[in-house]
Every structure is written in structure tokens, then in C-alpha cells.
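User: Please take me through this model and explain what each label rests on.
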Amino acid sequence: MRVLGLETSCDETSIALLVDETIVANTVYTQDIHAAFGGVVPEIASRAHLQKIDRLCSAILLENGLTPRDLDLIAVTDSPGLAGALLVGISFALGLHCSYSLPITGVNHLEGHIASVMLEHTNLDFPFLALVVSGGHTAIYRVDDFGVYERLGRTIDDAAGEAFDKIGKLLGFSYPSGRDIEKQAALHTAGESIRFPVARVSTGEFDFSFSGLKTAVKYFLNDHDAGYKRENMPLICHSFQKAVTDSLVKNIASAATATGLQRIALVGGVACNNFLRRKMQDAFAGNVYFPSPGLCTDNGAMIAKAGYENFKRKKCRFPVMRPSGAL
Ligand code: KG4
Ligand code: ZN
């Protein structure tokens with residue numbers, strides 16, 4: 001079974017080829033152009049996808065001695081994401097579908113992130129809890145099967161990755177800043193940290209809020225001069241990273257107690273963070289499963305995997321634009 005996975009929901013144009021559930025290709029083109037603007041510019045993202053998608057697809061097929069006729073399924077991210085960026089992937093997929101009569105399925109981006117963990121951890125049994133932490137989303141799901149999800153909590157304002165990116169901007173790092181903040185934080189070896197507050201949320205027991213933390217760090221930076229910030233960059237980064245991590249671990253631990261589920265999948269771009277990975281493993285005695293970094297950030301392989309599982313269960317659907325956060 002040859003599945004082509006297309007991901008264009010934000011600033012990565014990614015196409016993957018899954019053959020009998022093995023990743024044969026997973027090309028990710030990251031649109032660096034957004035760094036100059038300090039965040040993703042939707043219109044630029046759409047154009048950049050348009051410039052790349054055809055070439056990436058042709059290269060993958062050529063390298064593997066295939067033509068579109070040899071494919072068995074097209075899986076494409078259909079929501080949530082930037083409307084124009086999604087449309088490029090969906091239109092491209094529909095083009096292949098119409099030209100070659102290929103089956104096609106739309107995949108929810110968050111479902112893709114959840115499926116990403118199963119690409120490498122094939123022994124992860126249902127049910128489990130998934131902590132999805134990315135630049136656009138932060139949420140906890142109970143996962144009973146592919147396609148069977150219950151959202152237990154979510155951020156009511158900024159996503160965890162968004163908080164990393166916004167603080168990174170204040171600290172002078174370029175977008176996206178998660179990796180740079182982690183690198184700086186790793187240089188902090190002493191035990192102490194600045195106590196940045198994370199807001200308690202009243203909307204739901206497992207909900208998150210990171211916008212107050214962002215404001216607290218901003219005020220802290222305003223109150224200190226450039227020399228202090230330069231000398232204490234590792235301490236500031238560590239303290240911010242610790243505040244985000246503590247909040248994530250606290251809520252997923254509460255959700256695990258409430259549901260009795262102690263198997264956890266940690267997915268999405270922020271799941272690359274080694275401090276978070278360590279703290280999660282400590283909290284769940286090693287029962288945390290995460291994809292390798294290339295599969296944590298946006299990629300076509302996770303979309304191909306989720307699409308394939310839907311196809312197997314006859315849950316294929318055509319791409320439809322739904323309001324963001326439908327999963
Ligand atoms: O999943 P993803 O590629 O895109 C979305 O679906 O949003 O996640 C991108 C996010 C960015 O906010 C980026 O700063 C963050 O993941 N990220 C990290 C790390 N690597 C990427 N955050 C913290 N630590 C990291 N090492
Ligand atoms: Zn993502």
C-alpha cells in the first residue's frame with residue numbers, strides 16, 4: 001500500500017511516502033522567510049507552498065521510481081491551519097485525485113500529530129492520553145483508537161510553542177525560538193530559578209493558559225537592564241521553560257489520575273524539548289512515548305499514517321474546511 005501524505009497547514013511544505021507503513025520518504029521544506037517577520041505571514045506561506053509542492057512531489061516519485069498512478073491513497077491535511085496554506089495542499093491532492101482516480105482522504109492536523117507517535121512506537125496500545133504541544137495547539141486527548149478522541153483539556157489562550165516563540169522574540173531570538181531557548185536553558189546548571197507564575201484556569205480542570213506567563217516574563221525583562229539579561233540569559237530561559245513544563249506536566253498528571261490512563265504520548269513541535277521529555281518520563285516512570293524530533297514538528301509522514309489508518313477503517317473523507325480546533 002503506497003500512501004502519499006501532504007502537509008501544508010502552516011509554514012512547512014512536507015510530502016511523505018509511506019509504503020506498507022514504512023516511511024520511504026518524508027521531505028520537509030521549512031519556509032525560513034517568515035523569520036524576517038517574527039512569525040508566519042499567511043499570504044507568504046500560501047505562495048511558498050505553491051512554489052514548492054509540485055517539485056517536492058515529483059522528486060519523491062522520481063527517486064522511488066514511481067508515477068502518480070502507482071499510488072494507492074492520497075492523505076492531505078484539511079484542518080485546522082491557515083486557510084490559504086491548507087487550500088494549496090488540498091487543491092494539489094484533488095488534482096491528483098481527479099487526474100489519476102486516486103482515493104483521497106482529508107486528515108485533521110492534530111490527528112496527524114497523534115498518529116506520528118505510532119510510526120515508531122508500533123507497540124503503543126490504546127487507550128492512552130496524548131499531550132499535543134505545538135506552535136498552534138496545546139491540548140490533552142484521551143485516545144481510544146484511531147479516529148476516536150475525547151478532548152479533556154486545551155489552552156484557553158496561547159499554545160505552548162507560541163509562548164516559546166513570543167518569549168524568544170522578546171529575548172532577541174529569531175522565529176521559531178523553541179530550540180534556541182532550550183539551548184540557552186541547558187547552559188543553566190545551578191539549581192535556582194526565577195518563579196514565573198502560570199495562571200490557574202477556571203474553564204476546565206485540565207485547561208492551560210500561557211498568556212499570563214508571557215506577560216510576567218515581559219515585565220521581568222522590562223525591569224532589568226541589558227547587562228543583567230545578557231549575563232543571565234540561561235537562567236531566564238531555564239525559568240521560563242520550567243514554568244511551561246511544570247504546567248504541562250501538572251495537567252497531564254491530573255488527567256492521568258482522573259482517567260486511570262498512565263500511558264502517555266507526547267507529540268507536536270514542543271515535544272522536541274528534552275527538558276520536557278525528561279520531566280514527563282520522571283512523572284510517568286518512563287511510560288511516555290514521543291516521536292523522534294523530525295516527526296514531532298510538522299511533516300507529511302504523520303498525515304500519511306493517520307490517513308492510512310482512516311482508510312483501513314473505511315473512514316475516508318474528502319477534504320472539508322472546518323473551524324479551527326474541530327478535533
Ligand atoms: O508542530 P509544529 O511543527 O507546528 C505546529 O503545528 O504549530 O510546532 C512548532 C513549534 C514552534 O512553536 C517551535 O518553537 C516549537 O514547536 N519547538 C520547540 C522546540 N522545537 C520546536 N519548543 C520548545 N523546545 C524545542 N526544542
Ligand atoms: Zn503541527
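User: Where is proline 176 placed?

Analyst: Proline 176 is in the loop between H4 and H5, helices being DSSP runs of H or I with at least four residues, strands runs of E with at least two, numbered from the N terminus. This is a predicted model, in which local features need pLDDT of at least 70, side-chain atom pairs count only at pLDDT 80 or more, and totals for chains, interfaces and linings use all residues. Residues are numbered from 1 along each chain as written, chains are lettered from A and ligands numbered from 1 in written order, and side-chain values use heavy atoms, without hydrogens and water.

User: What makes the contact between aspartate 165 and ligand 1 a polar contact?

Analyst: A polar contact is a pair of N or O atoms within 3.5 Å (within protein, one must be able to donate a hydrogen and the other to accept it, and residues adjacent in sequence count only if both atoms are side-chain atoms). An N or O atom in the aspartate 165 side chain is 2.7 Å from an oxygen atom of ligand 1, so the pair qualifies. A side-chain N or O atom of asparagine 273 is 3.0 Å from a nitrogen atom of ligand 1, and that pair therefore qualifies as well.

User: Which peptide bond precedes proline 176, cis or trans?

Analyst: The bond from tyrosine 175 to proline 176 is cis, with omega near -10 degrees. The bond from serine 79 to proline 80 is also cis, with omega near -20 degrees, and proline 80 lies in the loop between strand E4 (73–79) and helix H2 (83–100). Most peptide bonds are trans.
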